[in-house]
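Work through the exercises below with the sequence and the 3D structure open. Each task is followed by a solution in steps.

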Amino acid sequence: MKNIRNFSIIAHIDHGKSTLADRLLELTGTIEKRKMKEQVLDSMDLERERGITIKMQPVTMKYTASDGTPYILNLIDTPGHIDFSYEVSRSLEAVEGVILLVDASQGIQAQTLTVLEMARELGLVIIPVINKIDLPTARPEEVREEIREVIGSVTDDILLVSGKTGAGADELLAAVVRRIPPPAVSAPVGRRALVFDFEYSSHKGVVVYVRLLDGLFRRGDHLIFAGSKEKFTVLDLGIFAPARRSTETLEAGEIGFLVTGLKNAAEARVGDTIIDPAEPLPVVPGFRPVSPVVWASIYPESQDDFTLLKQALERLRLSDSAISFEEESQGALGRGFRTGFLGMLHLEIVTERLKREFNLSLIIATPTISYHLVDGRTGKEDIIYTPHLFPEDLKNKQVIEQWVEAKIIAPAAYLSPIMQLFYDHEAEIIDTENFGDQRTTLVVMMPLRELMRNFFDEIKSATSGFASLSYRLADRRPADVVRLDILIAEEPVPAFTKIIARRRVDKEAEEAVNRLKELLPRQLFVVKIQARALGRIIASRSLPAMRKDVTGHLYGGDITRKMKLLSKQKKGKKKMKSQGKVNVPQEVFLKMIRNDKK
């Protein structure tokens, strides 16, 4: 055990974690040169295209130190995006140290501070590393000073590497062996392991990724999940190299996988503890089921695909337990699913996977958050997940919503436009701090619904892309919000229903009806587009009817023939207006939800 080192790479998104991991795999000979490719630990096509890590990936490397001592290095490559911060926090429980990676040109970013706080709370050894030193825009000395201010480390302890060229990777591996302590056994008897990820195999069932904390596991062992109380027998076990490789045993301090044979993926949860029911040890503290923060209704474009959509969501949940969904039905859209996600990126990735992997055409309603409605007379509390179920009349009801604590790091020169954005999004500044190269850290409290209302894109736009943002869920507070319905031909369209701040309702209503007037194709009759809130119509536009010349085939003759045809057309249009329905094309739904300018 004294020759094992378990560590993770943590960083802000796009600071080069996966690229540096490639160099470490190459240097230790874990992957042959002919099999080497970029982002080798990012196995999904979506990860490669976007250049981000979505699923964490462990790998075991063999390393020989300069004095000839052999070491086993277990690396967990974690996601960098804030939507997956819970997965990162649980994977950090499985290691003794972290490499804190900082981009040499961008410096410390908001998510860097968030993951650094997680590592500090767990008492992990932190090795600060400056990456991308080969870039022409690199400023290693200034970034070194920033890290020294934030971490308080000695400047000599901060390593310089290039994930692209491999410069400094040797020194980094030597530092991992020297600075990170070997794993320690906490209990002399009994067996225990922490689940930090899992996957599902149609042949083998649930395969859990574990860090063994105590004891030794073999094939045939009878174990139990402490959280779900589900018992299982170990069918196979082994390590990641980086593909799964079976071994005879897994010992305390090692990172590997267990094949459980369980067919219900809901029994495996990230953060749960596996124990021996015969000699139960205490569970690892801090486990909590992952709860969605963003909700969106997903409908198939064709109702014939409803069963396929259900099967697709069930398949995705086998590898991503954070997805939750239940069936719902809406008149114009038909049957679909109200689906819960960890954040907007999570929503985007899941819907993209549904389209690519299952060839589905989807309509996605405007994402929203859940609201708690407290009855002032009875004290009864209801949770509203979808906007069209939100009551129009809030008499004797108090609305409670989720707030977040957001951390923004931006150059001081952009503070003026940022302050305007804070006002527009109801943000309250609770702390500011200057550090490094004329940069400021701003800590604000704001409603989660406002964070979702394009706040991240607007911050990036206002600061020319120089700002970074991270957030965590905070407390719940009373909300002054109303329901905004959009009516087309006097029929409400549930997919366009929103819950918005009362002070913005007039502006949002005007924008919605104007946008729909631009996007909707003309019909054979005049179509009314209306926005309704607070029990009244607050914005309205009319989409003119298509003009059809019903007298074009006539030539000469009595004028009464033309008048008769025009009168008949007028009556027909009146009848169509009273009975006609408007089918909203899918591209209109998508453009309204994305707020595309095209």
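Two residues are in contact when heavy atoms of theirs lie within 4.5 Å. The model is predicted.

**Exercise 1. The whole chain**

Task: State how many helices and strands the protein has, what share of its residues is buried, and what share of its contacts is long-range in sequence.

Solution.
Step 1. The protein contains 14 helices and 31 strands.
Step 2. A residue counts as buried under 20% relative accessible area. By that cut-off, 53% of the 598 residues are buried.
Step 3. Take the contacts with a separation of 6 or more: residues 24 or more positions apart account for 69% of them.

**Exercise 2. The sheet of 6 strands**

Task: Give the strand order of the open sheet of 6 strands, find its edges, and list what packs on the sheet.

Solution.
Step 1. The order is 2-3-1-4-5-6, and the pairing is mixed.
Step 2. Strand 2 (57-64) and strand 6 (159-160) are the edge strands, each pairing on one side only.
Step 3. At the strand 6 end, 2 bridges connect this strand to strand 5 (residues 125-131), and the two run parallel. Here V129 stands opposite L159 of strand 6.
Step 4. Helix 1 (residues 17-27) packs on the sheet and touches strand 1 (4-11), strand 2, strand 3 (70-77) and strand 4 (97-103). The direction of helix 1 makes about 150° with that of strand 1.
Step 5. Helix 4 (residues 110-121) also packs on the sheet, with strand 1, strand 4 and strand 5 as the strands touched. For helix 4, too, the angle with the direction of strand 1 is about 150°.

**Exercise 3. Strand 2 and its partner**

Task: Describe how strand 2 pairs with strand 3, and decide whether strand 2 is largely enclosed or not.

Solution.
Step 1. Strand 2 and strand 3 run antiparallel and are joined by 8 bridges. M61 stands opposite L73 in strand 3.
Step 2. The two strands form a hairpin with 5 residues between them. In the turn, G68 has a positive phi of about 90°.
Step 3. Of the 8 residues of strand 2, 6 are buried, so the strand is largely enclosed by the rest of the structure.

**Exercise 4. Two helix pairs**

Task: Classify the crossing of helix 9 with helix 11 and that of helix 1 with helix 6, and name the residues in contact.

Solution.
Step 1. The axes of helix 9 (residues 415-424) and helix 11 (residues 455-462) come within 9 Å and cross at roughly 160°. Angles over 145 degrees count as roughly antiparallel, so helix 9 is roughly antiparallel to helix 11. Their crossing is right-handed.
Step 2. Helix 9 contributes P417, I418, L421 and F422 to the contact, and helix 11 contributes F455, E458, I459 and A462. By class these are 7 nonpolar, no polar and 1 charged residues.
Step 3. The axes of helix 1 and helix 6 (residues 169-179) come within 10 Å, crossing at roughly 85°. The range 65 to 115 degrees counts as roughly perpendicular, so helix 1 is roughly perpendicular to helix 6.
Step 4. The contact involves L20, L24 and L27 of helix 1 with A169, D170, L172 and L173 of helix 6. These residues divide into 6 nonpolar, no polar and 1 charged.

**Exercise 5. The sheet of 8 strands**

Task: Give the order of the open sheet of 8 strands and identify the strands at its edges.

Solution.
Step 1. The order is 11-10-16-7-8-15-12-13, with antiparallel pairing.
Step 2. Strand 11 (231-233) and strand 13 (244-246) each have a single partner strand, so one side of each is left without a neighbour in the sheet.
Step 3. From one strand to the next the twist averages 40°.
Step 4. Strand 10 (residues 222-225) and strand 16 (residues 273-275) are antiparallel, with 2 bridges between them. F225 stands opposite I274 in strand 16.

**Exercise 6. Two single residues**

Task: Decide whether R338 and T497 are buried or exposed, and list their contacts beyond four places in sequence.

Solution.
Step 1. R338 lies in strand 19 (residues 334-341). Its relative accessibility is 10%, so R338 counts as buried.
Step 2. R338 touches W295, A296, S297, S324, F325, E326, E328, Y385 and T386, leaving out residues up to four places away.
Step 3. T497 sits in the loop between strand 28 (491-492) and strand 29 (498-501). At 3% relative accessibility T497 is buried.
Step 4. Apart from neighbours within four places, T497 is in contact with P387, H388, R483, L484 and D485. The C-alpha atoms of T497 and L389 are 9.6 Å apart, although 108 residues separate the two along the chain.

Note on methods. Residues are numbered from 1 along each chain as its sequence is written. This is a predicted model: local features need pLDDT of at least 70, side-chain atom pairs count only at pLDDT 80 or more; totals for chains, interfaces and linings use all residues. Side-chain values use heavy atoms; hydrogens and water are left out. Two strands pair if DSSP finds at least two bridges between them. Helices (H or I, at least four residues) and strands (E, at least two) are DSSP runs, numbered from the N terminus. Axes are lines fitted to C-alpha atoms, for helices over the stretch in contact, and angles run from 0 to 180 degrees between N-to-C directions. Buried means under 20% relative accessible area, exposed over 50%, partly exposed in between (1.4 Å probe, protein chains only). Angles under 35 degrees count as roughly parallel, over 145 as roughly antiparallel, 65 to 115 as roughly perpendicular and the rest as oblique. A crossing is left-handed if the near helix is turned anticlockwise from the far one by less than a right angle, and right-handed if clockwise. Ala, Val, Leu, Ile, Met, Phe, Trp, Tyr, Cys and Pro count as nonpolar, Asp, Glu, Lys and Arg as charged, and the others, Gly among them, as polar.
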